[in-house]
Amino acid sequence: MTDRISVREAGHGTPLVLLHAFPLSSRMWREQLDELPGADGSEARVLAVDLRGFGGTELGDDEPSLDLLADDVALLLDRAGIERAVVGGLSMGGYVAMALARRHPDRLSGLLLADTKASADTEQARANRERVAAAVLARDSVRLLVDEQVPSPLLGATSVRERPRLEERLRAMVEEASPRAVAWAQRAMASRPGSLDVLAGVRVPALVLVGEEDAITPPSDAEAMAAVLPDVVLTVLPAVGHLSAMESPDAFNWAVRGLLARVGDFD
Ligand code: MLT
């Protein structure tokens, strides 16, 4: 476990832990930190985590594994005095949320899986991750990642066409990532197991959310997760790509408020 986990926090209501996409940081959750606590802060206590190597959290020396990131989240909950939280992740953050559901199911009061998938990587996807990891380390630069991912496929076609400032914001975030963290996360994601069996055992309310134009984890991946989760709402956001929380924050937050209400009823 890492000793220093950097977190952005807002509000004092239902605990909601948000786990960012690759290769971003807690900065991607700006609109969720601003809006989800509500006017008086009582609707949610949002904790946006910097996963290892990203934002303000050090990478450390452990071998790559998403399980370590899930254990980091459990440790963070311990330190914050939170027994159970709604845990939400977008893409890589979703993989970590599923690892948490496998390793620490009793820490969940609700589950949000946004623009992510429960399947393991194909051999081809693993080989591609290793290509990127080796290249960024060899060049000591994340330029290749910026060139291959920004604006597409990270952003949807509508955002690329209509939201130029979002592209700038995204580019700055990706450029901030460290080559070591990028390589570590690629290798950690490559070795993750499939999680459909874990999702079938989730006993808390879940929200599966996906952008209609998501080219990385398309709606079919969301449908596969929703098909096995026992208590689930599936929401498809129109005119939105992979980074739904950034591309359409109002619609994203509206759907998350619905999950928070269901968790309240469930408790
Ligand atoms: C992400 O957005 O976190 C990545 O696209 C996830 C992945 O590479 O599988």
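In the predicted model, Pro153 lies in the loop that runs between helices α5 and α6, and the peptide bond joining Ser152 to Pro153 is cis, with omega of about 5°. A cis peptide bond also joins Val150 and Pro151, where omega is about 0°, and Pro151 is likewise placed in the loop between α5, which covers residues 143-149, and α6, which covers residues 157-162. A further backbone feature concerns Asp115, a residue that has a positive phi of about 45° although it is not a glycine; Asp115 is found in the loop that leads from β5 to α4.

The strands form an open sheet of 7 members, arranged in the order β1-β3-β2-β4-β5-β6-β7 and with mixed pairing. The edges of this sheet are occupied by β1 (7-10) and β7 (232-237), each of which pairs on one side only, and the twist from one strand to the next averages 15°. Strands of a sheet pair through backbone hydrogen bonds, in either the parallel or the antiparallel sense. For β4, comprising residues 85-90, and β5, comprising residues 108-114, the pairing is parallel and extends over 6 bridges, with Gly89 standing opposite Leu113 of β5.

Helices pack on this sheet. Helix α3 touches β2 (14-19), β4 and β5, and the direction of α3 makes about 140° with that of β4. Helix α10, formed by residues 219-228, lies across β5, β6 (206-211) and β7, and runs at about 170° to β6.

Helix α3 (residues 92-103) also packs with helix α2 (residues 66-80), at an angle of about 75° and with the two axes 8 Å apart; α2 and α3 are therefore roughly perpendicular to each other. From α2, the contact involves Leu66, Asp67, Leu69, Ala70, Asp71, Val73 and Ala74, which meet Tyr95, Val96, Ala99, Leu100, Arg102 and Arg103 of α3. Divided by class, the residues of this contact between α2 and α3 comprise 9 nonpolar and 4 charged, with no polar residues.

A second helix pair is formed by α4 (residues 123-139) and α8 (residues 179-190), whose axes come within 8 Å and cross at roughly 165°. Because angles over 145 degrees count as roughly antiparallel, this description applies to α4 and α8, and the crossing in which α4 passes α8 is left-handed. On the α4 side, the residues in contact are Arg126, Arg129, Glu130, Val132, Ala133, Ala134, Val136 and Leu137, and these meet Pro179, Arg180, Val182, Ala183, Gln186, Arg187, Met189 and Ala190 on the α8 side. The contact of α4 with α8 contains 10 nonpolar and 5 charged residues, together with 1 polar residue.

With regard to annotation, the UniProt record, an unreviewed entry, places the feature "domain: AB hydrolase-1" at residues 15-249. In the model, the C-alpha atoms at the two ends of residues 15-249 lie 19 Å apart, and the span is 46% helix and 15% strand.

Conventions. Residues are numbered from 1 along each chain as its sequence is written. This is a predicted model: local features need pLDDT of at least 70, side-chain atom pairs count only at pLDDT 80 or more; totals for chains, interfaces and linings use all residues. Side-chain values use heavy atoms; hydrogens and water are left out. Axes are lines fitted to C-alpha atoms, for helices over the stretch in contact, and angles run from 0 to 180 degrees between N-to-C directions. Helices (H or I, at least four residues) and strands (E, at least two) are DSSP runs, numbered from the N terminus. Angles under 35 degrees count as roughly parallel, over 145 as roughly antiparallel, 65 to 115 as roughly perpendicular and the rest as oblique. A crossing is left-handed if the near helix is turned anticlockwise from the far one by less than a right angle, and right-handed if clockwise. Contact means heavy atoms within 4.5 Å. Ala, Val, Leu, Ile, Met, Phe, Trp, Tyr, Cys and Pro count as nonpolar, Asp, Glu, Lys and Arg as charged, and the others, Gly among them, as polar. Two strands pair if DSSP finds at least two bridges between them. UniProt positions are given in the numbering used here, feature names are shortened, and annotations may be inferred rather than shown by experiment.
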